[in-house]
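Biologist: Before I rely on the labels attached to this model, I should like to hear the reasoning behind them. Could each one be set against its criterion?

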Amino acid sequence: MAHYVLRRLALAAFALWGVATLVFLMSRLIPGDIAAVAAGRLATPEQVEQMRVTLGLDRPLVVQYADYLLGAVTGDFGVSAYTHRPIVEEVAEVLPSTVQLVLMGMFITVVVALPLGIWAALREGRGADAAIRILLVLKGGIPVFWLAIVLRWVFGSILGWFPITGENSIGGAPPDVTGFTILDSLLFGSFANLRDSVSHLFLPALALSAPFISTLARNVRSNMLTAMRSDYITFAVSKGVPPGRVVMRHGFRSAFGSTLTIFGLQFGWMISAAVLVETVFALQGIGSLMYKSIVNHDTFAVLGSVMVIGFVFVFTSLVVDLLHMLLDPRVRTAQLARA
Amino acid sequence: MTIDNAPFDRVSFVGVLSRRLFGRGGPVVDRLALVMVGILLVLAVVGPWLAPHDPYAVDPIASLEPPGAAYWLGTDDTGRDVLSRLLAGAPLTILSAVAVVVGSTIIGVFVASVATLAPRWLDDALMRCTEIFLSIPSLVLALGLTAVLRPSLTSIIIAMVMALWPATARITRNILRETMTSAYVEAAKIMGVSRLRLMLRHALPNSLDAIYVHASMELSGTIVMISGLAFLGVGAPPPSADWGSMIAQGQDFITTAWWISLFPGLAITVAALAFGLVGDAIRRINDPTSGRAQ
């Protein structure tokens with residue numbers, strides 16, 4: 001088992017190096033003078049020259065690359081050409097908002113998709129099955145940013161059930177401790193703040209989760225079907241285990257493992273979708289940061305955000321794989337056998 | 001050696017597809033989707049000439065007109081006809097998606113072929129390389145690349161090709177690995193056929209169906225992704241009428257003039273659904289394990 005963990009850690013380290021290298025190569029793709037781009041549009045010639053020295057563009061490419069990697073390890077992604085603040089600070093400020101949005105989206109997905117999938121497996125070929133199939137088809141077509149706009153329009157503007165923009169109403173924000181508005185509300189112990197934060201997050205999270213519900217539900221359904229047809233289920237039923245217990249303890253537990261893996265893969269997808277959804281709802285997350293940076297021609301801030309998202313993605317898949325190994329004994333033995 | 005790839009009459013792929021989609025007993029949804037794809041492809045070529053109004057003509061008097069007799073799908077805030085803009089935007093959205101898929105498929109298949117022929121270490125290195133690309137979500141990667149290049153539709157296409165080829169390369173590598181170990185390729189190898197020839201004459205032609213299937217499945221996601229990038233404004237600058245930009249231009253008016261954003265979104269949805277369903281139908285036809293019946 002230690003062997004597997006070490007191998008997986010090495011793989012993650014390699015991926016981190018790869019992401020940093022890829023972003024470095026991307027920054028060298030900039031047409032024209034890189035220093036001028038890094039210094040921003042309003043920079044004077046002296047400032048551009050200074051940036052050339054700061055970036056080390058006057059030195060050999062290998063040295064630049066080594067410097068860059070060292071920077072990436074120590075959390076130095078350069079300075080924003082627009083705000084003149086360290087990019088890492090800007091990203092750290094908004095990252096909690098995105099993570100919170102994605103977690104909320106995942107929560108909605110699980111709450112809807114797990115029961116739907118299990119139900120569809122137990123009543124094969126009935127209503128829940130059809131619902132999953134229709135959702136699956138629609139998921140392939142509806143652009144998530146458009147869905148976000150439509151949800152905001154229908155449930156926010158027309159029906160007025162939810163606020164349409166921002167993280168909190170004026171005066172509704174809890175004191176900023178962690179950057180996660182929901183967590184801050186709980187820490188502050190205010191129900192009004194909690195309600196305000198959740199209601200602001202609900203529509204964006206719903207838009208984010210909608211395409212994913214069908215994928216997860218279908219996966220749960222097929223895993224449950226396989227599990228429920230296996231011998232140990234027949235054994236448990238004939239032994240007289242109550243039906244609910246058979247489904248949850250025997251069937252679902254074995255079905256859950258690969259579901260977890262799919263979840264990890266979808267995390268990356270949700271972060272990309274969050275980039276689009278955040279701009280619709282004016283949430284101050286990493287997506288809005290990227291959007292602002294693109295509008296302001298702040299290329300290095302965009303690349304910094306790309307790198308951070310890559311890092312987060314690598315880290316998440318590492319955690320998911322390790323969790324999978326802990327939860328499912330079959331993975332452990334399979335990995336050992338291969339190793 | 002087992003004879004798992006016994007020779008069989010190779011039926012024309014297009015023949016099977018059309019017979020299955022238009023013959024009796026084919027699923028109605030698939031047929032509708034195929035018709036829709038046909039219409040969309042025609043519109044993508046001739047759409048701009050069908051526009052009843054000038055898609056870029058600003059007319060302040062006719063601004064924010066609701067859908068009606070004069071403007072079937074209404075007008076936007078500067079008085080441009082939404083239907084005309086949709087038609088003008090069809091090539092921008094659909095043909096770009098086709099270009100992206102063609103580009104990423106060519107690069108992906110090329111890299112996979114090289115990896116198949118190359119010595120083990122190069123094969124490993126190339127596949128590791130694709131893994132690195134895949135550890136950044138493709139939309140984010142494409143967004144970063146378009147920010148690096150100048151904002152234009154061409155940049156979006158280049159960026160998306162660069163973001164999407166690794167997945168195609170990996171899938172093609174797996175397909176080729178399977179084909180290269182199949183019985184008839186083994187037989188050819190024993191007869192002394194060179195590796196290059198094995199690859200070009202035997203393995204690759206037989207993998208093409210699977211590659212087509214992957215490409216057609218990619219198309220629908222690509223349409224949605226291109227629109228997403230254009231929505232964020234890294235695509236063609238205004239007054240571009242690509243569908244993603246149209247949604248972005250209309251989103252501030254949604255409460256008063258819902259038609260500006262709603263119709264381009266519907267257009268993207270219909271296009272992506274149609275291409276996705278046809279792609280899925282092709283996959284089912286090509287996959288003998290899925291069975292003939294729906």
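The exchange below takes up confidence, helices, exposure, the core and the contact between the chains.

Modeller: The model is a predicted one. In chain A the mean pLDDT is 80, and 95% of the residues reach 70 or more.

Biologist: Where in chain A is confidence lowest, and where is it highest?

Modeller: Helix α14 (residues 329-338) of chain A is lowest, at a mean of 59, whereas α12(A) is highest, at 87. Where pLDDT is low, the predicted coordinates should not be read in detail.

Biologist: What makes up chain A in terms of helices and strands?

Modeller: Chain A has 14 helices and zero strands. Its C-alpha trace spans about 80 × 60 × 40 Å along the principal axes, and 41% of its 339 residues count as buried.

Biologist: Why is helix α10 of chain A said to lie largely in the open?

Modeller: A residue is buried if 20 or more other C-beta atoms lie within 10 Å of its own. Of the nine residues of α10(A), residues 231-239, the number buried is zero, and therefore the helix lies largely in the open. Just after α10(A), A:Gly240 takes a positive phi of about 95°.

Biologist: Which residues in the loops on either side of α12 in chain A have a positive phi without being glycine?

Modeller: A:Ala282, in the loop between α11 and α12 of chain A, has a positive phi of about 50°. A:His297, in the loop between α12 and α13 of chain A, has a positive phi of about 55°. Most residues other than glycine have a negative phi.

Biologist: Why is A:Ala282 called exposed, and why is A:His297 called partly exposed?

Modeller: The exposed class takes residues with 12 or fewer C-beta neighbours within 10 Å, and the partly exposed class lies between that and the buried class. A:Ala282 has 12 such neighbours and therefore counts as exposed. A:His297 has 15, so A:His297 counts as partly exposed.

Biologist: Why does B:Leu200 count as partly exposed?

Modeller: B:Leu200 has 13 C-beta neighbours inside 10 Å and is therefore partly exposed. B:Leu200 is found in helix α8 (residues 195-231) of chain B. Its C-alpha atom is separated by 8.8 Å from that of B:Ser113, although the two residues are 87 apart along the chain.

Biologist: How do you know that the span of helix α3 in chain B is close to the one expected?

Modeller: Helix α3(B), residues 82-117, has 36 residues and reaches 52 Å from its first C-alpha to its last, and 52 Å is expected at 1.5 Å a residue. The helix nevertheless has a kink of about 40° at B:Gly89, shortly before the proline B:Pro91.

Biologist: Which residues touch the most other members of the largest nonpolar core?

Modeller: Of its 176 residues, those that do so include A:Val19, A:Val277 and B:Ile223. Helix α10 (residues 259-286) of chain B gives the most to this core, with 16 residues. Leaving aside residues up to four places away in sequence, A:Val277 touches A:Val144, A:Phe145, A:Ala148, A:Pro204, A:Ala207 and A:Leu208.

Biologist: How many residues does each chain give to the contact between them, and what is the character of the side of chain A?

Modeller: Chain A gives 37 residues and chain B gives 34. The elements giving two or more residues to the side of chain A include α1 (2-27), α11 (243-281) and α13 (299-327). That side divides into 28 nonpolar residues, nine polar and no charged.

Note on methods: Residues numbered from 1 in each chain as written. Chains lettered and ligands numbered in written order. Predicted model: local features only at pLDDT ≥ 70, side-chain atom pairs only at ≥ 80, totals over all residues. Helix = DSSP H or I, 4+ residues; strand = E, 2+ residues; numbered from the N terminus. Expected span 1.5 Å × (residues − 1). Bend = angle between axes of the 7 residues up to and from the residue. Core = buried A, V, L, I, M, F, W, Y, C linked by C-beta atoms within 7 Å. Contact = placed C-beta atoms within 7 Å. Nonpolar A, V, L, I, M, F, W, Y, C, P; charged D, E, K, R; others polar. pLDDT = per-residue confidence, 0-100.
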